[in-house]
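Ready for some practice in reading a protein structure? Take a look at the sequence and the model below, then work through the exercises one step at a time.

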Amino acid sequence: MSKKLVAYFSASGVTAKAAKGLASAAGADVFAIEPAEPYTDADLDWKNKQSRSTVEMQQPASRPALKKMADLAAYETLYIGFPIWWGVAPHIIKTFLDTGDFRGKKIMLFATSGGSGIEKALTDLRTTYPKLDIVGGKRLAGAVTADIL
C-alpha cells in the first residue's frame, strides 16, 4: 500500500474539515499548508480591492511564504486541497508546489467552494506545472467519504 498525504490550505476552516475527512477515509497523514504571515479577516475581505488576498490573486507571480514545508519523501500519493479564490487555487498552493519535490508523486487536487467548480483551478495548475502528475481533482461539498479516492 502506498503512503498518502493530505496537504491543505484553509482560510476559514471549511477546507480543513474536508481535508481531515478525506485523510480519515484515505488512511492518509495530514499537513496544513500555512502562510508564514497568517491571514487576518481584513486580509481575506475579497470585496476590498486592497486586501492582501485580492492583491495576491491579481499578481500572477505572487507566492506567499510558507510557515514550513512538508517532508514529502515518504509519500507516493498526495491530495492537495484549497478553497477556490477568484476561480482558481490561492497562490500559496503555487508556493507549496514550487517548494516541494514532487517527482514520482501522484497528485489529486480537491477544493471547497460555495459554488465555483474546480475545473479552472485544475487547468491553471496543470498548465503552470506540466511536469507534475496531477491526475485529477474534485470539488468537495458536505461529508467526505471513501468514494473520492
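**Exercise 1. Find the buried residues of helix α1 and work out how they are arranged.**

*Step 1.* The buried residues of α1 are Thr 15, Ala 16, Ala 18, Ala 19, Leu 22, Ala 23 and Ala 26. Buried means under 20% relative accessible area, exposed over 50%, and partly exposed in between, with a 1.4 Å probe and protein chains only.

*Step 2.* Now look down the axis of α1: the buried residues fall within an arc of 160°, so they line one face of the helix. The arc is taken from the directions that run from the helix axis to the C-beta atoms.

*Step 3.* Turn to the face of α1 that points away from the buried side, and you meet the exposed residues Val 14, Lys 17 and Ser 24.

*Step 4.* What covers the buried residues includes β1 (4-8), β2 (29-32), β3, β4 (106-112) and β5 (133-140). Helices (H or I, at least four residues) and strands (E, at least two) are DSSP runs, numbered from the N terminus.

A note before you go on: this is a predicted model, where local features need pLDDT of at least 70 and side-chain atom pairs count only at pLDDT 80 or more, while totals for chains, interfaces and linings use all residues. Residues are numbered from 1 along each chain as its sequence is written, and side-chain values use heavy atoms, leaving out hydrogens and water.

**Exercise 2. Compare the span of α1 with the expected one, and see what follows the helix.**

*Step 1.* Helix α1 covers residues 14-26, which makes 13 residues.

*Step 2.* The expected span is 1.5 Å times one less than the number of residues. From first C-alpha to last, α1 reaches 18 Å, close to the expected 18 Å.

*Step 3.* After α1 comes Gly 27, with a positive phi near 65°.

**Exercise 3. Describe the surroundings and the partners of strand β1.**

*Step 1.* Five of the five residues of β1 are buried, so the strand is largely enclosed by the rest of the structure.

*Step 2.* Lys 4, Val 6 and Tyr 8 point one way from β1, while Leu 5 and Ala 7 point the other way.

*Step 3.* Two strands pair if DSSP finds at least two bridges between them. β1 pairs with β3 in the parallel sense over five bridges, and Val 6 stands opposite Tyr 79 in β3.

*Step 4.* β1 also runs parallel to β2, joined by four bridges. Here Ala 7 has Phe 31 in β2 as its bridge partner.

**Exercise 4. Classify the ring pair of Phe 31 and Phe 96.**

*Step 1.* Rings of Phe, Tyr and Trp (its six-membered ring) pair if their centres lie within 6.5 Å; planes under 30 degrees apart count as stacked, over 60 as edge-to-face and the rest as tilted. By this rule there are six aromatic pairs.

*Step 2.* The ring centres of Phe 31 and Phe 96 are 6.3 Å apart and the planes are at 25°, so this pair is stacked.

*Step 3.* The pair links distant parts of the chain, with Phe 31 in strand β2 and Phe 96 in helix α3 (residues 91-99), 65 residues apart.

*Step 4.* Phe 31 is buried, with a relative accessible area of 11%, and Phe 96 is buried at 1%.

Notes. Contact means heavy atoms within 4.5 Å.
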